[in-house]
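Please open the model in your viewer and keep the selection panel at hand. The tour proceeds from one selection to the next.

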Amino acid sequence: MEDYNDIKELLQPKGDLKASVKLRKKVHTVLYKKHKNRNLSAWIFGGISLSAVAAILLIILIPSGLSAKQILSEAIYALENTENIEMVAEIRTRPMENFRYIDLEENFIKHKIEIVRNDSTLKWSINKGGRTAMNTGHEIYTWIPNLGLGWRIDNPDSENVLGYLASLLNPRDILETELRNCQINNGSEYKVTQNGEDIILTVHTPAQGNFENPYSLNRSITESENIRKYVIDAKTKRLISVAVNVISGKSETEVLKVDSIIYGNGKKNFFVPIEDIKFVEIESQTGGLTGLSAEEAASTILNAFETWNEKILHQVMLPELWENLHKEKFRESKLISIGNAFSSGIGSSVFVPYTLELSDGTVQRHNIALQKTNSGGWIVTGGI
């Protein structure tokens, strides 16, 4: 108990705040809705839930002797003001890879993040050099400058595009995200400590997903055993820093760190210039190869490399990606063998091992990643 005396003093409310009947009904309604729908977009875009923040604080801090009234009062107070936020996240990844991807062997890549909240609209941009994403409040644009190619997504779900980074879009939502993890019982362990005027929330979570085949293990933060450390100013309740370490065997590797967070007040114009980029509507993409097993689809696609059969290839990936990323390398390649399809991790992709002889005589062994569309056809999502 004594370890939390300073935290208790810092969290002591200035007045005796009581929830009105209207607020209690609102809290009940929000909790009911969040129980029914655990899609993270509701946590990011659906407004800030006072009850959810209070609940996670209760889960973590009540054992220290803090009362529910104290926690709820401070949670309400901390959420009164809105800020524009700029931060720099450093992540072990590759510049052109998707925002979910991590690699323990890669160097840190800087991600410049800008967040603007005007009234109830959340806008953001993330630039990692080789790939950029922007939410205008109504749709998400993501593009690869070197290819001059991008995608536009309506009704955006930030987690689908950003993975763990979605939780950083509003630092006050981090505790809501952690509450969601508690609700789905993913085995997380929570610890709160204090260092001077900093409250430190540490979360230890096992890897999420099916790893009978370990191929996807440690390829994203969610698909890894990780320790997440959030440092929060005890007075302002603002996030100061974030660090994520991945545990692999007996080693522990830092894969994400945020040490620079700048908060600003007032309205701010938000615009990221987009020049010379061809955008493709996600909904307009092909329906894929139908009527085939995963192995049959993989064989059909990889065999199409030899004559560069665009009739097949354009059904499973955007023509612009084939032309800009893969044609020079894979044209006239010959398929040597494929293996049995398998799943790994939490995604909906199916992986098929293959061995390919490239036109220059070198041999490539990899796993092509396939995914079914809503219409039941196979498309390529990676692994080439």
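The stops below cover the nonpolar cores and then two loops of this predicted model.

**Stop one: the largest nonpolar core.** Select Trp124, Leu162 and Leu256; of the 38 residues in the largest nonpolar core, these touch the most other members. Next, colour the elements that each supply at least two residues of this core: strand 1 (84-92), strand 2 (108-118), strand 3 (121-127), helix 6 (158-162), strand 8 (198-205), strand 9 (225-233), strand 10 (239-248) and strand 11 (251-264). Which strand gives the largest share of this core? Strand 11 does, with five residues.

**Stop two: Leu162.** Centre the view on Leu162 and display its contacts. Leaving aside residues up to four places away in sequence, Leu162 touches Phe99, Arg100, Trp124, Ile126 and Leu169.

**Stop three: another core.** Apart from the largest core lies another, of 31 residues. To locate this second core, select Ala297, Ala298, Ile312 and Leu370, which are among its members.

**Stop four: Trp308.** Move to the loop between helix 8 (294-307) and helix 9 (310-316), where Trp308 lies. Its backbone merits inspection: Trp308 has a positive phi of about 50 degrees, although it is not a glycine. Is Trp308 buried or exposed? With a relative accessible area of 6%, Trp308 is buried, because the cut-off for burial is under 20%.

**Stop five: Glu332.** Finally, select Glu332 in the loop between helix 10 (319-330) and strand 13 (334-338). Glu332 is not a glycine either, yet has a positive phi, of about 70 degrees.

Terms used
Residues are numbered from 1 along each chain as its sequence is written. This is a predicted model: local features need pLDDT of at least 70, side-chain atom pairs count only at pLDDT 80 or more; totals for chains, interfaces and linings use all residues. Side-chain values use heavy atoms; hydrogens and water are left out. Helices (H or I, at least four residues) and strands (E, at least two) are DSSP runs, numbered from the N terminus. Buried means under 20% relative accessible area, exposed over 50%, partly exposed in between (1.4 Å probe, protein chains only). A nonpolar core is a set of buried Ala, Val, Leu, Ile, Met, Phe, Trp, Tyr and Cys residues joined through side-chain atoms within 4.5 Å. Contact means heavy atoms within 4.5 Å.
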